Amino acid sequence: MICEDIGDLMTEARAGSSWMGLDLGTKTIGVAVSDRLLSSATPLHTIRRVKFSKDAEALLQIISDREIGAIILGLPRNMDGSEGPRCQSTRAFVRNLARLTDLPIGYWDERLSTVAAERALLEADTSRKRRAEVIDHVAAGYILQGALDRARHIRTVT
């Protein structure tokens with residue numbers, strides 16, 4: 001099930017399960033996971049993209065191993081909020097992934113998530129080589145944390 005709204009994703013997510021956040025790039029997929037309380041996101045690792053079937057197989061293995069209850073993908077909107085070719089590619093990936101799992105899959109606006117991840121790594125005095133190795137899954141952590149924070153706010157207000 002594809003959820004355009006975080007509230008819908010919360011309704012459909014498996015209770016007591018972790019969420020998985022993805023930063024989908026053309027060459028890599030950054031992966032982050034949450035704790036079961038849905039309070040914090042932890043960058044996990046980066047998958048080198050090969051083709052959809054292999055990429056999906058790697059993601060489905062993480063879903064199984066980590067007992068994931070929902071998936072959040074960063075939606076790379078333009079700075080003016082419009083959707084360009086990268087958003088179309090992400091939505092196509094989600095449609096294909098939704099055919100392989102019954103988990104709810106939602107989107108989170110990822111504008112500036114990579115910038116925030118890069119800034120955090122620079123502040124931690126991470127070497128250029130190491131930044132290149134971890135930037136994608138750190139960005140996935142920022143994407144997932146944003147969605148978790150929004151979900152927590154919705155739970156608090158309602």
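## Chat about the sheet and its helices

Reader: How are the 6 strands ordered in the sheet?
Author: The 6 strands make an open sheet with mixed pairing, in the order S1-S6-S5-S2-S3-S4, where two strands pair if DSSP finds at least two bridges between them, and strands (E, at least two residues) and helices (H or I, at least four) are DSSP runs numbered from the N terminus. This is a predicted model, in which local features need pLDDT of at least 70 and side-chain atom pairs count only at pLDDT 80 or more, while totals for chains, interfaces and linings use all residues. Residues are numbered from 1 along each chain as its sequence is written, and side-chain values use heavy atoms, with hydrogens and water left out.

Reader: Which are the edge strands?
Author: Strand S1 (2-3) and strand S4 (41-48) are the edge strands, each pairing on one side only.

Reader: And how many bridges join S3 to S4?
Author: Strand S3 (residues 28-34) and S4 run antiparallel and are joined by 7 bridges, and Ala-32 stands opposite Pro-43 in S4.

Reader: Which strands does helix H2 lie across?
Author: Helix H2 (residues 52-66) lies across strand S2 (18-24), S3, S4 and strand S5 (68-75), and runs at about 150° to S4; such angles run from 0 to 180 degrees between N-to-C directions, with axes fitted to C-alpha atoms, for helices over the stretch in contact, and contact means heavy atoms within 4.5 Å.

Reader: New topic: what share of the protein is buried?
Author: Of the 158 residues in the protein, 46% are buried, that is, under 20% relative accessible area with a 1.4 Å probe, protein chains only.

How values were computed:
Buried < 20%, exposed > 50% of the residue type's maximum accessible area, 1.4 Å probe, protein only.
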